[in-house]
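Reader: I've got the coordinates open and I keep tripping over the labels people put on things. Can we go through some of them and check each label against its cut-off?

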Amino acid sequence: MKILVVEDNKELNNTLKEILELNGYLVDTVYDGEQALEYIDAFDYDLIILDIMLPKIDGFQVCKIIREKGINTPVLMLTAKDAVADRVKGLDIGADDYLVKPFDIEELLARVRALIRRASVEKSNIVKIGDITVDLEKREVYKDGKSLMITPKLFCILEQLIRNRGKVVSYESLMNKCWDITDYPSRETVRANIKLLRKILQDKDIIHNVSGVGYKIE
Amino acid sequence: MKFDPFLKARFKITILISFISTLILSAFSGSIYYFYREQLLYENADELKSIVFEVSKAVENPAVDMSLIKTIKIPRDTYLCIYNYEAKIVLYKNKMCNIKEFFSGFKIHGNDLIFGTAIKKGDTLYYIYAGKDLSKLLASLEKLKLILFYMTFLISFGILVFSFIISKRILSPIKETFEKQERFTQNVSHDLRTPLTVISTNLYVIKQKNFQNIKQNIENISKTVDYMKNLVNDLLFISQIGEKEKKPVNINEIIKKQLSILSPKIEEKNLGVILKEEEQVIVEANQGDMEKLFSNLLENAIKYNYPNGEIIITIKKKTVSIKNTGKPIDKENVNKIFERFYREDNSRSSEGCGLGLAIVKEIADHYNFKIKVKVDGVYNEFIVRF
């Protein structure tokens, strides 16, 4: 799951990145509205955390522009203003949720999870696929009641497939969501990781190949 | 809509002033009416008294025949009645009296003012009444009453309007102070939200990381605490502009002093500073306010300058201009740079908290100075006009 954090306060931006990464998300950070739009154009995110008071283009504008472009990525707005009018404005413009600073981190994480869940095909946090159970909140995988060791990267791939259950997830999408751009992933990398994942799950039939396009879980 | 305590206070003041002034006015016009009325009645009563006095002298005189009484001259608008109690005869002149019972002294009967007395001539008792029709007088008194009433009403209404207007002026300094305080509180609570989030978030991370590898988090917190310190100082400064002692301040000296304080930063960027003092400028203001105004402008000129750039300061009689080389300010952002927390570019260092030019504007507004920004592609120029 990849998140874009748009916040002009450097310290807060970096800390949000750290905390989200500790919770298993891949995070990009930008400091102003202009950069945010560039990043959103170039990459695919599962969630955008957007501050309102930003240099150059403010958060309201950013949200409006991306919605006008037809990008439906969930947006969680952060603001220092507690006015009801502001909250209404944010939600009207197309933001999905709203947090007033100073917020509780647990609440932020819960809302992040909720927004991602809302956007995904699979609505529940605990998913059963054959004899495998995946807890998307605790980020754990069980087979026959026993916990399986799984790396964050492999879990990310698994989560992408589960969130889009029944749909084909392309190689590009997986590269985008589970690797940092600086890692320069290729289709070969994805293939190798899928192979590893199948081995850990001890089941070849859960993840289906869709040749030339990507993978899917039924 | 928020409840406005000042409107309430204004209404209260207005009602109080109007009530008191209406009370005073009513008492005043009431007494005017009363005294005027008494005066008029007194004059007329005097006239009647003198008639009765003369007549009674004539009646008392044994040599005078009662039938001659009718020949006594009295003013046209008065009348006279003499009643012989024993003989039950009424003698009258001008108008018959309808009085049935005896009385002595003054009495108002219908529209008439009557003075009566009794006299004994031998064994005969005479009642003598002199009267006057006061209907005209009473009508004009009635008119006076009406005029006084309307006048009182009109003036009271005028005072009501006036006091509503004046109450605004009475309350405006209090309101200003109050609003300033309120703004300060709002600003503090708003501006501290982000730094507070930084601190709480970092503390959370520190705990989650079990106090391992937390150098960066500690640094984040300490930077943010410094920022908050500066911020609170700046906000406090803004809220106190104009509340401090004023005296004639030499602007030239202030600028020179600030330049020497800022010289390490100037040297660090290797900037060329040219100071043109065409006049000595003295302004009636608070020393601290002026120091802050110019130090913020100069700091700005240093911060947004190119390395090896240039700062030109020109002090004229009515203006101070501070010109610096640097990236030209966007035309459309010229007004925004004075907004709180606005930054033109986001390559921000932690120094300052985005309040520098906002403070400049607050100070200038308070002293009615004009600040103009000129951008010509090479220089960004800030002009302060006193």
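Author: Sure, and keep in mind that this is a predicted model. Let's begin with B:I24, which sits in helix α1 (residues 5-60) of chain B.

Reader: Why is B:I24 called exposed?

Author: The label exposed needs a relative accessible area over 50%. B:I24 has 55%, so it counts as exposed.

Reader: What makes B:I24 part of a patch?

Author: It belongs to a nonpolar surface patch with B:L16, B:F19, B:I20 and B:L23, and together they have about 530 Å² of accessible area. To join such a patch, a residue needs over 30% relative accessible area, and B:I24 has 55%.

Reader: Staying with that helix, how do you know how α1(B) runs relative to α2(B)?

Author: Helix α2 covers residues 135-191 of chain B, and its axis comes within 7 Å of the α1(B) axis, with a crossing angle of roughly 155°. Angles over 145 count as roughly antiparallel, so that is the label for α1(B) and α2(B). As for handedness, α1(B) passes α2(B) in a right-handed crossing.

Reader: Next, salt bridges. What makes B:K209 and A:E18 a salt bridge?

Author: The rule asks for a side-chain nitrogen of Lys or Arg within 4 Å of a carboxyl oxygen of Asp or Glu. Here the N to O distance is 2.2 Å, so the pair qualifies. This pair also crosses between chains: B:K209 is in the loop between α3 (193-208) and α4 (215-240) of chain B, while A:E18 is in helix α1 of chain A.

Reader: And is B:K209 buried or exposed?

Author: Buried: its relative accessible area is 17%, and the cut-off for that label is under 20%.

Reader: How many salt bridges does the rule give over all chains?

Author: The count comes to 30. Another one of them joins the side chains of A:R67 and A:D96, at 2.8 Å from N to O. A:R67 is in helix α3 (residues 59-68) of chain A and A:D96 is in the loop between α4 (84-93) and β5 of chain A, so this pair links distant parts of the chain, 29 residues apart.

Reader: Why is A:D96 called partly exposed?

Author: Its relative accessible area is 30%. Partly exposed is the label between the 20% and 50% cut-offs, so A:D96 gets it.

Reader: What about A:R113 and A:E137, what makes them a salt bridge?

Author: Their N to O distance is 3.4 Å, and the limit is within 4 Å, so the pair passes. A:R113 lies in helix α5 of chain A and A:E137 in the loop between β7 (132-135) and β8 (140-143), so the bridge ties together parts 24 residues apart in sequence. Both partners are partly exposed, A:R113 at 23% and A:E137 at 42%. Elsewhere, shared partners join the salt bridges of A:E7, A:D51 and A:K101 into one network.

Reader: What is cis about the bond from A:K101 to A:P102?

Author: The peptide bond from A:K101 to A:P102 has omega near -10° and is cis. A:P102 is in the loop between β5 (97-100) and α5 (105-119) of chain A. For context, most peptide bonds are trans.

Reader: Which phi value does B:N368 have?

Author: It has a positive phi of about 60° although it is not a glycine. Most residues other than glycine have a negative phi. B:N368 sits in the loop between α7 (356-367) and β11 (370-375) of chain B, and at 60% relative accessible area it is exposed. B:N270 also has a positive phi, near 55°, and lies in the loop between α5 (251-269) and β7 (272-277) of chain B.

Reader: Last one: why is B:E381 called buried?

Author: B:E381 has 13% relative accessibility, and under 20% means buried, so the label follows. You'll find B:E381 in strand β12 (residues 379-385) of chain B. B:E381 and B:K323 are 58 residues apart in sequence, yet their C-alpha atoms are 4.2 Å apart in space.

Note on methods: Residues numbered from 1 in each chain as written. Chains lettered and ligands numbered in written order. Predicted model: local features only at pLDDT ≥ 70, side-chain atom pairs only at ≥ 80, totals over all residues. Heavy atoms only, no water. Patch = residues over 30% accessible without salt bridge, like charges linked within 9 Å, V, L, I, M, F, W, Y side chains within 5 Å. Areas by Shrake-Rupley, 256 points an atom, 1.4 Å probe, with all protein chains shown as cover. Helix = DSSP H or I, 4+ residues; strand = E, 2+ residues; numbered from the N terminus. Buried < 20%, exposed > 50% of the residue type's maximum accessible area, 1.4 Å probe, protein only. Axes fitted to C-alpha atoms, helices over the stretch in contact; angles between N-to-C directions. Parallel < 35°, antiparallel > 145°, perpendicular 65-115°, else oblique. Left-handed = near helix turned anticlockwise from the far one by under 90°.
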